[in-house]
Amino acid sequence: MSRIAYVNGRYVPHQSARVHVEDRGYQFSDGVYEVCEVSGGYILDRTRHLDRLDRSLSELAIGWPVERAALGRIMIEVAARNRVSDGLVYLQVTRGVARRDHPFPSADTRPALVVTARSTDRAAFAAKAEEGVGVITVPDTRWDRVDIKTIGLLPNVLARQQARDAGAAEAWLVDEDGIVLEGAATNAWIVTGEGELVTRPAVSGILRGITRATAIDTAAALGLTMVERGFTVGEAKAAREAFMTSATSQVMPVVRIDGAPVANGYPGEITRQLRGAFFAHAEKIAVRGSLALEKP
Ligand code: PLP
């Protein structure tokens, strides 16, 4: 089955999906994005993702490319046309196409919108979560406004590649005081000896992860104690459990940090519990059911 992409108002074969060379996303990374998980035929937490998109757009003074409700429908349509029931929906909004010049182009420049979707191997993910993954720690070399989900991801790309080269799944970015901020594309968590969940506050310095927010709801529903505070690399290495959250990895156990095992080197019980209960606490928008109702 051939993949379909949405590009500025059209559903086109993925192979021939194109944007202009003077799209400001290409020229300046002048754009923002979202990635939603699709699980068991449902887009998860769409409302939270669109809320964060709204914030990212307004921080950069980029307009909505289409009405919010229309974008919600396009996400479903793209997932459905690509027959995705487990996978991802990706959307990107840039400031649009304009002659290359640093300041914002004229106000009538239309923001550009691209939406794609692809399936992921659910069984492979589940197998990975059974074993857990390794992370390395690296200095954070990103800009200050990491709270905006921009497409300017070069430091994240380099950190992820460094992790891969080291045989790890993720790089945890560490500030000058040795505090773990977040991963290159995930939020970072530990479980203390007392069974308390710890993750850094999302006021600044990290992206306010949607999976992080739903994991907080899930932890509350399970009656787990959680505290939002920074933790050091040393504390993480000595933790009872560690894990990371993102729409692409959901709740993924971390069993090695810089090559050393976390506790006994196996996914922890609280992490497993959280992973198991996550789906029940996420917002669920049916891909196929909605398509039948909403197809024009
Ligand atoms: N932190 C960073 C830097 C990210 O890029 C991401 C996701 O791409 C996350 C955290 C996790 O966010 P979410 O749970 O919304 O996927």
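1. Starting with a hairpin-sized detail of this predicted model: strand β3 (residues 31-39) and strand β4 (residues 42-44) run antiparallel and are joined by 2 bridges. Within that pairing, S39 sits opposite Y42 in β4.

2. Both strands belong to an open sheet of 7 strands, paired antiparallel in the order β2-β1-β6-β5-β3-β4-β16. The edges are β2 (10-13) and β16 (284-286); each has a single partner strand, so one side of each has no neighbour in the sheet. From one strand to the next, the twist averages 25 degrees.

3. What lies across this part of the sheet? Helix α2 (residues 46-59) does, lying across β3, β4, β5 (87-94) and β16. Its direction is at about 175 degrees to β3.

4. Now over to helix α5 (residues 154-165). Its length checks out: 12 residues at 1.5 Å a residue should span 16 Å, and the end C-alpha atoms are indeed 16 Å apart.

5. Which residues of α5 are buried? They are N156, A159 and A163. These three cover an arc of only 65 degrees around the axis, so they fall on the same side of α5. The spacing makes sense, because an α-helix has 3.6 residues a turn and residues three or four places apart point the same way.

6. The buried residues of α5 pack against β7 (133-139) and β8 (170-174). On the face turned away from that buried side, you'll find the exposed residues L154, L158, R164 and D165.

7. One last thing to look at on screen: just after α5, G167 takes a positive phi of about 80 degrees.

Terms used:
Residues are numbered from 1 along each chain as its sequence is written. This is a predicted model: local features need pLDDT of at least 70, side-chain atom pairs count only at pLDDT 80 or more; totals for chains, interfaces and linings use all residues. Side-chain values use heavy atoms; hydrogens and water are left out. Two strands pair if DSSP finds at least two bridges between them. Helices (H or I, at least four residues) and strands (E, at least two) are DSSP runs, numbered from the N terminus. Axes are lines fitted to C-alpha atoms, for helices over the stretch in contact, and angles run from 0 to 180 degrees between N-to-C directions. Contact means heavy atoms within 4.5 Å. The expected span of a helix is 1.5 Å times one less than its number of residues. Buried means under 20% relative accessible area, exposed over 50%, partly exposed in between (1.4 Å probe, protein chains only). The arc is that of the directions from the helix axis to the C-beta atoms.
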